Each structure stands twice: as structure tokens, then as C-alpha cells.
Amino acid sequence: MRSFTSLLLLVLLCVLVLVLLRIPGRSEDVVVLSGRVEGGARDGEFPVAFHFFDKGNRALVHRVAGEMVVHSGSYEVALQRGPLSSGGEFYVMATSPEVELDSYQGQPAEAWGLVRLQPSTPGIPQTGHVNIGGTLIASTVQTSAFRMSAGAGSGRVLTSDANGSARWAALPPPSGSAGGDLIGTYPNPLVDGLQGRPVSATAPLSGQVLKWNGSAWDPSADLTDLLWTQSGNSIYYTVGDVGIGTSSPSYPLHVLTSTGERAIFGLHSATSGTTYGGRFESNSISGRGVLGNATATTGTNCGVLGASASTTGRGVYGTADAYTGQNYGVYGISWSDSGRGVYGIANASTGTTYGVYGRSYSPSGFGVYSAGDFAASGTKSFQIDHPLWPETHYLNHFCTEAPEPMNAYSGNVLTDARGYATVQLPDYFDSINRDFRYQLTVIDDSDDFVLAKVVRKIQDNQFVIRTSKPRVEVSWEVKGIRNDSYVQRYGYETEQEKDDEVKGKYIHPELYGMPKEYGVHYLPDADDQRLSDHRHSKSSQTNRGAKTTKSPKPR
């Protein structure tokens, strides 16, 4: 037994850490000792006594016997813990059961196994290191940080072989049957669906995209590639018409909507420079730069509404660049019984502004031409550069108003030796005039008082005058009520009743102390909030009567 005792000494040298464990099937905690057996011990069970000495005072604390099981060079023994339950550090010696030890018996401390016992599992963390040259065997290993240097690397995992030997290895690919949107087995499953919907088995062609056809995800042409072409940062389309709000566009860009305020909205936010919210041009000899068409047969609508808030802006500005043909810079149509073909507003309250500005450079052209009646709620005038101060002033002349449409003709004539003179009128005079009015003024610097009178009314486009003195110059004027075909068909109306839909409204509501919403031509448009605002300021002014402009002093 002494030789086996020597063997046990070697066994205990391999034991570095012992813990208290509860073995399944046992009713109490035990001390489990395990390790390697040196010296080639045979397999079997051997009775062994273990002596535990306190590390500090070297006193014997506990002696217990048990059966040590040796198998393949390893051993394990479970011992009653007795007074070791409170834990601590102990030197331990193994002997045969008959040997009792009360001291180290002169053995150096290095020959004894040092164990540290803790009163519970996993116990209280201890500070220090464990350095094992052999094999650590334990039923449970618990640590807050795990590290094995040999073979370790980023992303590698710890695996074991059939014999239970562990090693570091690369993360293996998944295996087994795939599920969800995948079919087949790992590591090479196939995609069978997206979001639980099937994917077509048809292989895609170059440039195609995956598109849901109602029953499966199927390769289809990319509309970007099919219809639109990219050039730098721009895209363009030349295949057909583009529809927004309609599936059957009739024009290169066809926008259709029944909601909101605008079908198309363009805004250029720059505050300076020649910019365009939208620019439309026509180069055809019979083209239109802009065609505005309000097709509603009732209501206050506008074929084209133009507004400018600039002190030198234009409510509407259109160009037709063709040099021949009947073209239009701006062409507007309205079929409503109270519509406007073209409606222009200049909202600025200062500066020389134009609701609509027309100009013609042709000697036979018209800046503004009205094919029907022409009306103005303000004064009608012509304006030229002042002949005396053309650089700094305008000269304004105003039209004379009358309750009837009239034509006026005038001239000078010299009576003959008998005091008679025949005044010849234009050949068309009789055909466009009726109800003639005559005025005669004698031009004579003598002391005589000369009389003049009409002695024969207009016949065959002429009339005859006579003066009380021969060879007298007479200034004459004839006015006639218009009787041309237009007036004969459409007539004229001096006192006209307003239509029912505008009764209670005014051409200039501010003159009657009414808000702008009571205007006959008021448009309730969100972009026209300042319509006639500048006129309201005039409503508070008193009637100033005729305005006389004082001419500047000659230079």
C-alpha cells in the first residue's frame, strides 16, 4: 500500500482546484476530486483516505475515506465534505485508508496538493490565475470571460469532434432544409418567394426588373429603359404621349384632373432676372404662343389670366416668332356668356403697369384691336412723349364721350364771290352715317360781322353753305350717328340693364364703399388676393375733379 500511497502523491500534484458540487442522486453536497494519474496506474476502484490541512496553521481539518475510480489515466472521487462546507484553502494528502496523518510528516509543501474550496456553487469569485500543465476536468465550468488562444480568430467558433476534443474553426454554413421564402437545403437553397409571394421561374433578361403581375413576381421590362432615355442628368421621351391623370393622352403632355386648383403649376422663385414660370412658343405661320380656352358656358371664367406684381411687369406677355402668317403672341378663347378671352391684371399699386399690353411695329398694324365693341371703365386716351419735354414727360389726350356712337368730320372751306361753298364729304359718308349735325365757324379778321349758314343739307355726300360776305373762310364740322352694318345689326344701348348674375355688383365697387368681392370682374382666385387692392386706397379720397398737370418750366 505504500507504493500506491506514492502514486496518490503524484495524483494530488495534478489536482489544483477542487469545488463543492451536488451530485445528482445524492442527498448532500460532496467534495469531488479529479485529475490525471501519473505512473501508469491500472483501471479500477481503490480505497483511499484524504487528509485536509489548513493552509494557514497547517492543522489537520478533515480526514475522509472514499473509493477512487481510475479509468484511462484519469481519476475521480467523491468525498463527504464534513467541516469543509465553509470553504477555505487546504493542503491535501492521499494515503491508504489504514494510514492516519496528523502532520506533514516532514514532507515539503510542494509535495502536497493545494486545494481551494468554496461553500457554494458557483461560489464567490476569486482573484488570481490557474495555470494547468495537464488536463482540467470538471462537470461544470463557469466564467465571465472565455478565452482560448490556440487557433482562435475573429469570427471563429469552438467545435468538437466525435471524441469530444474541441478546436477553433470557421463558422460552418447552415445546413438542413430551408424555409420561409427559400426552398431546398443549405448551404445552397433557392429563392422561392418574396414576402410570402411566389417568384416566377422565368429567368430575367438584361435590363429587366422584378415586377408583380398579380400572381407572381415576374421579370418585366423597366419602364425607365423602355420609355425614357437618360442623357447626363436629364431624361427624355420620344416614343409617344405622356398622360398624367389620364390613361389615353392626346398630346405630348396631357394633364387631366378634377381636384385641386391647378392642372399645371409652374413657379420660378428667382427674385431677379428674366425668368418664366412657364414659357410657351409657337413658330408656325398660324400658330399661337398661348391658347387659353375656358369652355364653361356659365360663370365668371377666363381663357387666360395673367397677373404681374412687379412695378414694371406685364400681366400677360406672349410672343409669336414667325415673320409671316396670321399668328398670335397671345390667343385666348372663352365660350362663357360672361367669359373673357384674355384677362390681364397688374397688381402693383405703383409704377407704370399694364393689365394687357399690345404693340405692333407694322405701319398697318394695331397695338390693340377689338373686332367687336370696345369699352373702358376709366378714361380713353392716347399718350405720346411730350413734344417739349420728351425725355421726362408724357402728353395725354382724352376721348370725348357721348351717349350715341358718333362719327365726326371737319375741315375748312372758302366761299365764292356769291358767298357760296360746297363741302365734299367722303364717298362712304352716306352709307355709314345718319342724323347729321352741323357746326360752322367764320374765320374773318375784318370789322364786319359775317354770318354763315347751311343752305342745303347733305345729299350725295355733300352739303352747301353760304356766308353773308363773299370769299370768307369757314371752319365746318359734321357729326353723324353711326349707321354702318355692325351698328345696324347689333345696335347700341345707352342705358343697359345688368345681367342677373352681376346685379348687385359694380364695375368699381370701391367707388361705392363696397369690398372688391362685389366687383363685376372680380375673380375669386387664390393667386389674385391683391386684385384691386390698390384701388381701395382711392375710395377714401374725395372727388378731386379734373386733374391738371402743371407743365415744367422751359429749359
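1. A nonpolar core here means a set of buried Ala, Val, Leu, Ile, Met, Phe, Trp, Tyr and Cys residues joined through side-chain atoms within 4.5 Å. With that in hand, and bearing in mind that this is a predicted model, have a look at the largest nonpolar core. It has 19 residues, and the members that touch the most others are Leu33, Phe50, Phe52 and Leu79.

2. Which elements give two or more residues to this core? They are β2 (30–36), β3 (44–54), β4 (60–71), β5 (74–80), β6 (88–95) and β7 (113–117). Strand β3 provides the largest share, with 4 residues. Another core lies apart from this one: it counts 14 residues, including Val423, Ile458, Trp476 and Val478.

3. Next, a sheet to look at. Three strands make an open sheet in the order β28-β33-β30, with antiparallel pairing. Its edges are β28 (406–414) and β30 (433–443), each of which pairs on one side only. From one strand to the next, the twist averages 15 degrees.

4. Zooming in on one strand pair: β28 and β33 (residues 473–482) run antiparallel and are joined by 9 bridges. If you want a spot to check by eye, asparagine 407 has glycine 480 in β33 as its bridge partner.

5. On to the aromatics, where the structure holds 10 pairs. One of them is tyrosine 409 with phenylalanine 429, an edge-to-face pair at 5.0 Å centre to centre and 70 degrees between the planes. This pair links distant parts of the chain, 20 residues apart: tyrosine 409 belongs to strand β28, while phenylalanine 429 belongs to helix α3 (residues 429–432). Both tyrosine 409 and phenylalanine 429 are buried. Tyr409 and Phe429 also form one aromatic cluster together with Phe436.

6. Tyrosine 506 and tyrosine 512 make a stacked pair, 4.9 Å centre to centre and with 25 degrees between the planes. Are these two rings on buried or exposed residues? Tyrosine 506 has 25% relative accessibility, so it counts as partly exposed. Tyrosine 512 counts as exposed because its relative accessibility is 57%, and the cut-off for exposed is over 50%.

7. Last, two arginines that sit over rings. The charged end of arginine 197 is over the ring of tryptophan 212, at 4.8 Å from the ring's centre. Arginine 279 lies over the face of tyrosine 276, and here the distance from the ring centre is 4.9 Å.

How values were computed
Residues numbered from 1 in each chain as written. Predicted model: local features only at pLDDT ≥ 70, side-chain atom pairs only at ≥ 80, totals over all residues. Heavy atoms only, no water. Buried < 20%, exposed > 50% of the residue type's maximum accessible area, 1.4 Å probe, protein only. Pairing = 2+ DSSP bridges. Axes fitted to C-alpha atoms, helices over the stretch in contact; angles between N-to-C directions. Phe/Tyr/Trp six-rings, centres within 6.5 Å; stacked < 30°, edge-to-face > 60°. Lys NZ or Arg CZ within 6 Å of the ring centre and 35° of its normal.
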